[in-house]
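Colleague: I would like to go through this model slowly, one question at a time. Could you answer each question with the reasoning first and the result at the end?

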Amino acid sequence: MKKNAIGVLFSADNSIKALEFKGSHVTLEEMQKCVGGYIELIYLNDGMALVVNEEGLILNLPYNERATIFATALEGKEHHIVGDVLLIGANFIK
């Protein structure tokens, strides 16, 4: 039996929500729905990936402090992340 993909949504309003997706991979449409538009992937050093809105800066989305701190700590380089962000295992991306 295949397990469903899971992730964590870091909202720009500082809320955090665990998500479970139907199936073993997260679809492009599901990722786009989570971040509200086109996606960009930030692969982290620990086998995880952040899914962010590719046009977040252009759209002037609100700063996401939690996701920025998380990405900076795990990747070891400075980030400035805006909008809602989905954290998932890179193995859940097809």
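The questions and answers below go from the whole chain to single residues.

Modeller: Before we start, please keep in mind that this is a predicted model, in which local features need pLDDT of at least 70 and side-chain atom pairs count only at pLDDT 80 or more, while totals for chains, interfaces and linings use all residues. Residues are numbered from 1 along each chain as its sequence is written, and side-chain values use heavy atoms, with hydrogens and water left out.

Colleague: Which pattern of helices and strands does the protein chain follow along the sequence?

Modeller: Helices (H or I, at least four residues) and strands (E, at least two) are taken as DSSP runs and numbered from the N terminus. On that basis the protein chain has 2 helices and 5 strands. Read along the sequence, they give the pattern β-β-α-β-β-α-β.

Colleague: What radius of gyration does the protein chain have, set against a compact globule?

Modeller: The radius is taken over C-alpha atoms, and the globule rule is 2.2 Å times the number of residues to the power 0.38. The C-alpha atoms fill a box of roughly 40 × 25 × 20 Å along the principal axes. For 94 residues the rule gives a value near 12 Å, which agrees with the radius of gyration of the protein chain, 12 Å.

Colleague: What percentage of the residues in the protein chain is buried?

Modeller: A residue is called buried under 20% relative accessible area, exposed over 50% and partly exposed in between, with a 1.4 Å probe and protein chains only. Counted in this way over the 94 residues of the protein chain, the buried share is 39%.

Colleague: How are the rings of F10 and F70 placed, stacked, edge-to-face or tilted?

Modeller: A pair of aromatic rings is described by the distance of the centres and the angle of the planes. Rings of Phe, Tyr and Trp (its six-membered ring) pair if their centres lie within 6.5 Å, and planes under 30 degrees apart count as stacked, over 60 as edge-to-face and the rest as tilted. The structure holds 1 aromatic pair. Because the centres of F10 and F70 are 5.6 Å apart and their planes stand at 35°, this pair is tilted.

Colleague: How many residues apart in the chain are F10 and F70?

Modeller: F10 belongs to strand β1 (residues 6–10), and F70 belongs to helix α2 (residues 65–75). F10 is buried at 9% relative accessibility, whereas F70 is partly exposed at 28%. The pair links distant parts of the chain, and the two residues are separated in sequence by 60 residues.

Colleague: Is N64 buried or exposed?

Modeller: N64 is found in the loop between β4 (48–53) and α2. Contact here means heavy atoms within 4.5 Å, and beyond its neighbours within four places in sequence N64 is in contact with F10, S11, A12, I81, V82, G83, D84 and V85. Since its relative accessibility is 0%, N64 counts as buried.

Colleague: What separates the C-alpha atoms of V35 and D84 in space?

Modeller: V35 has its place in helix α1 (residues 28–35), and with 5% relative accessibility V35 counts as buried. Not counting residues up to four places away in sequence, V35 touches V51, V52, N53, D84, V85 and L86. Although V35 and D84 are 49 residues apart along the chain, their C-alpha atoms are separated by 5.1 Å.

Colleague: Where does I93 lie, and what is its C-alpha distance to A5?

Modeller: I93 lies in the segment after β5 (85–89), and at 17% relative accessibility I93 counts as buried. Leaving aside neighbours within four places in sequence, I93 is in contact with H25, L41, Y43, A49 and I88. I93 and A5 are 88 residues apart in sequence, and from C-alpha to C-alpha the distance is 9.1 Å.

Colleague: What is the approximate phi of N60, which is not a glycine?

Modeller: N60 lies in the loop between β4 and α2, and at 66% relative accessibility N60 counts as exposed. Although N60 is not a glycine, its phi is positive, at about 60°.
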